[in-house]
Amino acid sequence: MKSVFDTKPNSGYDDDISQKYQFPKRYLSIAENSLDDWVVFRRPRADGGNLAYFATARVAKIEPDLSAPGMFYAYLQNFLEFENVVPWNDNGQYAEQALRDIPKAEVGVFMRGRSVRPLEENDFNRMIAVGLPTYWDEIPNTELALKADRPRRVEQVLTNRVIRDRDFRRRICLAYNNRCAVTGFRMSDEDGNFEVQAAHIWPVAEGGPDTTQNGLALSSTAHWLFDRHLISISSDYRLLIREELLPADVKKVVKSPGEAIGLPKTEADRPSLKYIAKHRAKFEAKKQPTII
């Protein structure tokens, strides 16, 4: 069963929605019905003041929070942010069937105590189509996807690794304005194709999410150095390098040790310190790194 999970920053819940969502026992049956299925996340206010759905993920397992009686965690996989936020009310039409079925004057009362609630399959598919419009063209027979075979096509859009990597690169490059965080380079060819790449801080293969906070915009050389833990980032976003292993010509193009890296203007897009700490731990522990 598809569901909606409401979430907001500083809610008091122990959420990391790319990984886990905390909820009280009263929502347990709904969450359990969503096991191995997809949920969408709604935040109380999107930019501009409208309520909106902004991401999706698959519920992998449900477990009690042993440190807080009466609380549970939904552990998540395949988290994916939307290209476009999906308004919960578009010109008087609510995105959820349950809200369309009641008088508008009763919606506010209905929503109280329903931070986790079921979502109709058709409504979920419509949210994915609106939230991720670019990627429908990557899956053949899009017209069929929006008709009889829609659920299978939606699943392909949400799980296809090529599509997820492309979406990740789009969001990272946009956040960093196509500029490498380590070299400061912003280069493109005459067709407007930028050289910068999107690097995962915490690798997907190790459980890292495809979120903007888990990415850096890096030139190809800087990306290579970062993936091999020859460079890393401090807790205050300053460059760390293995000076004894970097040739002089490489040192000329990267920022100096201790110099602040380039960051997105939007604070919410900046790298998670938790993910950076995972990378830095390997950087600091690596005794015999690969020599350039």
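A residue is called buried here when its relative accessible area is under 20%, exposed when that area is over 50%, and partly exposed in between. The structure is a predicted model, and the walk that follows begins with its charged pairs.

Both Arg-42 and Asp-6 are buried in the sense just given, and their side chains meet in a salt bridge with an N to O distance of 2.8 Å. The pair links distant parts of the chain, since Arg-42 belongs to strand β3 (residues 38-43) and Asp-6 to strand β1 (residues 2-6), with their positions 36 residues apart in sequence. In general, side chains of opposite charge can pair when their charged atoms come close. For counting purposes, a salt bridge is a side-chain nitrogen of Lys or Arg within 4 Å of a carboxyl oxygen of Asp or Glu, and by this rule the count comes to 20 salt bridges.

Another of these pairs is found in helix α10, where Glu-284 and Arg-280 lie four residues apart, about one turn of the helix. Their side chains meet in a salt bridge at 3.9 Å, N to O, a value that satisfies the rule because the cut-off is 4 Å. The two partners fall into separate accessibility classes: Glu-284 counts as exposed because its relative accessibility of 53% is over 50%, whereas Arg-280 is buried because its relative accessible area of 16% is under 20%. Returning to the first pair, salt bridges that share partners join Asp-6, Arg-42, Glu-96 and Arg-117 into one network.

A further salt bridge joins the side chains of Glu-63 and Lys-61, with an N to O distance of 3.6 Å. Here Glu-63 has a relative accessible area of 32% and Lys-61 has one of 41%, so each residue is classed as partly exposed, between the limits of 20% and 50%.

The pockets come next. The largest pocket has a volume of about 1,500 Å³, and the elements that give two or more residues to its lining are β5 (71-87), α7 and α10 (273-285). Strand β5 provides the largest share of that lining, with five residues. In total the largest pocket is lined by 45 residues, and those that lie nearest its centre are Glu-81, Thr-212, Gln-213, Ala-268 and Asp-269. Sorted by class, the residues of this lining divide into 17 nonpolar, 12 polar and 16 charged.

The second largest pocket holds about 270 Å³ of space. Of the 17 residues that line the second largest pocket, the closest to its centre are Asp-6, Thr-7, Lys-8, Tyr-13 and Ser-115, and Asp-6 is also the buried partner of Arg-42 in the salt bridge described at the outset. Strand β2 (residues 20-24) gives the most to the lining of this pocket, with four residues, and by class the lining has eight nonpolar, four polar and five charged residues.

On the surface, Phe-185, Met-187 and Val-253 make a nonpolar patch of about 230 Å². One of its members, Met-187, is found in the loop between α7 (161-175) and β9 (197-200). With a relative accessible area of 42%, Met-187 is partly exposed and can be counted in a patch, because patch residues need over 30% relative accessible area and no salt bridge.

Helix α7 also contains Val-162, which counts as exposed because its relative accessibility is 52%, over the 50% limit. Val-162 and Ile-172 are 10 residues apart in sequence and 15 Å apart in space, taken from C-alpha to C-alpha.

Two backbone positions close the account. Most residues other than glycine have a negative phi. Asn-91, however, has a phi near 55°, a positive value in a residue other than glycine, and His-229 likewise has a positive phi of about 60° although it is not a glycine. Asn-91 is found in the loop between β6 (89-90) and β7 (93-94), while His-229 is found in the loop between α8 (220-227) and β11 (231-233). Are these two loop residues buried or exposed? Asn-91 is exposed, with a relative accessible area of 79%, whereas His-229, at 13% relative accessibility, counts as buried.

Key: Residues numbered from 1 in each chain as written. Predicted model: local features only at pLDDT ≥ 70, side-chain atom pairs only at ≥ 80, totals over all residues. Heavy atoms only, no water. Buried < 20%, exposed > 50% of the residue type's maximum accessible area, 1.4 Å probe, protein only. Patch = residues over 30% accessible without salt bridge, like charges linked within 9 Å, V, L, I, M, F, W, Y side chains within 5 Å. Areas by Shrake-Rupley, 256 points an atom, 1.4 Å probe, with all protein chains shown as cover. 1 Å grid on protein atoms, 1.4 Å probe; cavity = no way out; pocket = protein on both sides within 12 Å on 5 of 7 lines; lining within 4 Å. Points joined across faces, edges and corners; volume = space filled by probe spheres on them. Nonpolar A, V, L, I, M, F, W, Y, C, P; charged D, E, K, R; others polar.
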